[in-house]
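Student: Could you take me through one part of this model closely, the place where two helices pack against each other?

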Amino acid sequence: MSAGPLRIALVTGGHSRVGRAISEALAARGWRVLLHAFRGTARAEALDLQLNPPPHGPMGVWQADFSDTPAALASFEALLATLPAEADFALVHNASAFENDDRDSVTLARFRMHHALHYEVPVLLMLAAAQRFPRGQALLLLDQNVENLHDQFLSYCLSKGAMHAAMKRLALSLAPFRVNAVAPGPTLPLPDADLAAFDAAARATPLQGAVAPEDVADAVAWLLDARRVTAQTVFVDAGQHLKQWREPAAPGSL
């Protein structure tokens, strides 16, 4: 019996936090995982060896700075050209930045950084991927805040909201290339978060607890295998988007 086509998943920011859980879950399901890293390339290289053992061996790490959009796109197109044209290709855009601002503190630099990372770059990467792999797919990591309005993290929320709004149009424009999304909720606290406040916020969700990174990874893996599903967002947030909440790491929250 045929083993089927080679399955390659490129996971941006795939070497740490939720991205690592996604990379591990996909490797366990038979995907060859190609890791992207901006910083922490040594960790990414070590994970590459773990996820892609012999006989095939490591895929290599794609190092790119998404704040330099033209350079990132050029190196991505060069990378795509090295992959087998018959591969079953998936772009998993997990790379993210999470900085707080509001109407009084937003700066042009921070606004542009969030939009480059969460909207501009993934759109351009998807356009390039659909050219090379017209029957491939993309999976976008959003955030439950796309349906939960609050006044924190303005640049972050606007950029994630822009990607959410564009997803259905991209799914239609790029078809049969598929485009789906997963919107996590309270998963891993930020390094400077008040852990007690984070736990309290997670317990206040309808399902009364935080989301494990593996829960997010399972949803990603399911969508990648759901061959007749496109333009869908799966909320893996313990129901958090149904109730307004404030980020515990932000001043004045909870």
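Tutor: Helix 1 crosses helix 2 in the right-handed sense (the near helix is turned clockwise from the far one by less than a right angle). Helices here are DSSP runs of H or I with at least four residues, and strands are E runs of at least two, numbered from the N terminus. Please keep in mind that this is a predicted model: local features need pLDDT of at least 70, side-chain atom pairs count only at pLDDT 80 or more, and totals for chains, interfaces and linings use all residues. Residues are numbered from 1 along each chain as its sequence is written, and side-chain values use heavy atoms, with hydrogens and water left out.

Helix 1 spans residues 17-28 and helix 2 residues 41-51; their axes come within 10 Å and cross at roughly 20°. Axes are lines fitted to C-alpha atoms, for helices over the stretch in contact, with angles from 0 to 180 degrees between N-to-C directions. The two helices are therefore roughly parallel to each other, a label for angles under 35 degrees.

Helix 1 brings Arg20, Ser23, Glu24 and Ala27 to the contact, and helix 2 brings Leu47, Gln50 and Leu51; contact means heavy atoms within 4.5 Å. By class, that makes 3 nonpolar, 2 polar and 2 charged residues. Here Ala, Val, Leu, Ile, Met, Phe, Trp, Tyr, Cys and Pro count as nonpolar, Asp, Glu, Lys and Arg as charged, and the others, Gly among them, as polar.

Notes:
Parallel < 35°, antiparallel > 145°, perpendicular 65-115°, else oblique.
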